[in-house]
Amino acid sequence: MSELLKHLKPGITQETRLEKIHNVIFDNSKIGSKAVAREIADLIKYKQSKNQKCILSLATGSSPIIVYEELINIHKKEGLSFKNVITFNLDEYFPIEKDDLLSYNHFMSYHLFDHIDIPKENINIPRGNVSSKDIYSYCNEYEKKINNLGGLDFQLLGIGRTGHIGFNEPGSNKNSVTRLVSLDFITKEDAAGDFNGIDNVPDKAITMGVDTIMRAKRIVLLAWGHKKSEKVAKSI
Ligand code: F6R
């Protein structure tokens, strides 16, 4: 049983009894990330044993990087195969080219996909270069593809300074699905360093919606460090 699953039925304490969302506190992000990677690896293996595809939805940003490192380790050291895995990514800047070094497409290749045996055709990341007139149907197709596979088995999330998940900024409708959104100024500010100035950060993004995310069979949100504590406490 993975470390994370062991924590799923904690004793009810004075601190946890008012929580609406179960949360687990780790001594550091490495220990937490290892537990999450182990849970994902166990799920992939369980699906393999049933001859089923494992549908993962993945995030970018700093929070999941160690999880991806750990998954690569498990692949290399324990021979975990990703051949039965189909991935969807939460979001992508818009507009941006696929091979742009700042695209989430590039991020995923660099931090995970280039180091494991996942078939390229099993990788789905929103395209940041769809023509404006095709965006609506493109987003619908993305959503349909997830549904046709029976939905997401596992959703990995981070949380932004505004409290966003994916690029669903505060105020996003709980029924929202994959769509084009405008980024909050604070979110753009946080990306300004990477883009060499806030003026270079794209104004928009394609993101899976709150409903798309909430329909996942299991959701794990990673939030490391004191900077995230206020938003996490508020969410819980
Ligand atoms: C990225 C994403 C975002 C990030 C969030 C936190 O795909 O969906 O919601 O998870 O902005 O980013 P970090 O992890 O860099 O603090």
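This report describes the pockets, nonpolar cores and selected residues of a predicted model.

## Pockets

The largest pocket has a volume of about 1,200 Å³. Its lining consists of 39 residues, and those nearest the pocket centre are I21, H22, L221, V232 and I236. Three elements each give two or more residues to this lining, namely α7 (210-214), β8 (219-221) and α8 (229-235). Of these, α8 gives the most, with six residues. By residue class, the lining of the largest pocket comprises 23 nonpolar, 11 polar and five charged residues.

The second largest pocket has a volume of about 940 Å³. It is lined by 35 residues, of which T60, G61, S62, Y104 and D190 are the closest to its centre. Two or more residues of this lining come from each of β3 (91-94), α4 (104-111), α6 (185-191) and α8. The largest share, five residues, is that of α4. The lining of the second largest pocket divides into 14 nonpolar, 13 polar and eight charged residues. Helix α8 is thus named for the lining of the largest pocket and also for that of the second largest pocket.

## Nonpolar cores

The largest nonpolar core contains 29 residues, and L56, L112 and F113 have the most contacts inside it. At least two residues of this core are supplied by each of α2 (29-49), β1 (54-58), α3 (65-78), α4 and β5 (154-157). Helix α2 gives the most, with six residues. Helix α4, which supplies at least two residues of this core, also gives the largest share of the lining of the second largest pocket.

The surroundings of F113 can be listed in detail. With neighbours within four places in sequence left aside, F113 is in contact with L58, T87, N89, M108, I118, K120, I123 and I125.

A second core, separate from the largest one, has 19 residues, including I86, L90, I165 and I206.

## Selected residues and their accessibility

The table gives the relative accessibility of six residues.

| Residue | Relative accessibility | Class |
|---|---|---|
| C54 | 0% | buried |
| C139 | 2% | buried |
| I44 | 0% | buried |
| I219 | 29% | partly exposed |
| N51 | 76% | exposed |
| N196 | 67% | exposed |

Residue I44 is placed in helix α2. It counts as buried because its relative accessibility of 0% is under the 20% limit. Apart from residues up to four places away in sequence, I44 touches C54, L56, L80, S81, F82, N84 and V85. Among these partners of I44, C54 is itself buried at 0% relative accessibility, and L56 is one of the residues with the most contacts inside the largest nonpolar core. The C-alpha atoms of I44 and S182 are separated by 34 Å, and the two residues are 138 residues apart along the chain.

Residue I219 lies in strand β8, an element that gives two or more residues to the lining of the largest pocket. With a relative accessible area of 29%, I219 falls between the limits of 20% and 50% and therefore counts as partly exposed. Its contacts, leaving aside neighbours within four places in sequence, are with Q155, L157, I213 and M214. I219 and S57 are 162 residues apart in sequence, yet their C-alpha atoms are 9.3 Å apart in space.

Regarding the cysteines, C54 and C139 are both buried. A search of the whole structure finds zero disulfides.

## Backbone features

Most residues other than glycine have a negative phi, and most peptide bonds are trans. The following residues depart from that pattern. Phi of N51 is positive, near 60°, and N51 is found in the loop between α2 and β1. Because its relative accessibility of 76% is over 50%, N51 counts as exposed. N196 also has a positive phi, of about 60°, although it is not a glycine. N196 is placed in the loop between α6 and β7 (204-207), and it counts as exposed at 67% relative accessibility.

The peptide bond from F94 to P95 is cis, with omega near 0°. P95 lies in the loop between β3 and α4, and both of these elements give two or more residues to the lining of the second largest pocket.

Technical notes
Residues numbered from 1 in each chain as written. Predicted model: local features only at pLDDT ≥ 70, side-chain atom pairs only at ≥ 80, totals over all residues. Heavy atoms only, no water. 1 Å grid on protein atoms, 1.4 Å probe; cavity = no way out; pocket = protein on both sides within 12 Å on 5 of 7 lines; lining within 4 Å. Points joined across faces, edges and corners; volume = space filled by probe spheres on them. Helix = DSSP H or I, 4+ residues; strand = E, 2+ residues; numbered from the N terminus. Nonpolar A, V, L, I, M, F, W, Y, C, P; charged D, E, K, R; others polar. Core = buried A, V, L, I, M, F, W, Y, C linked by side-chain atoms within 4.5 Å. Buried < 20%, exposed > 50% of the residue type's maximum accessible area, 1.4 Å probe, protein only. Contact = heavy atoms within 4.5 Å. Disulfide = S-S within 2.5 Å.
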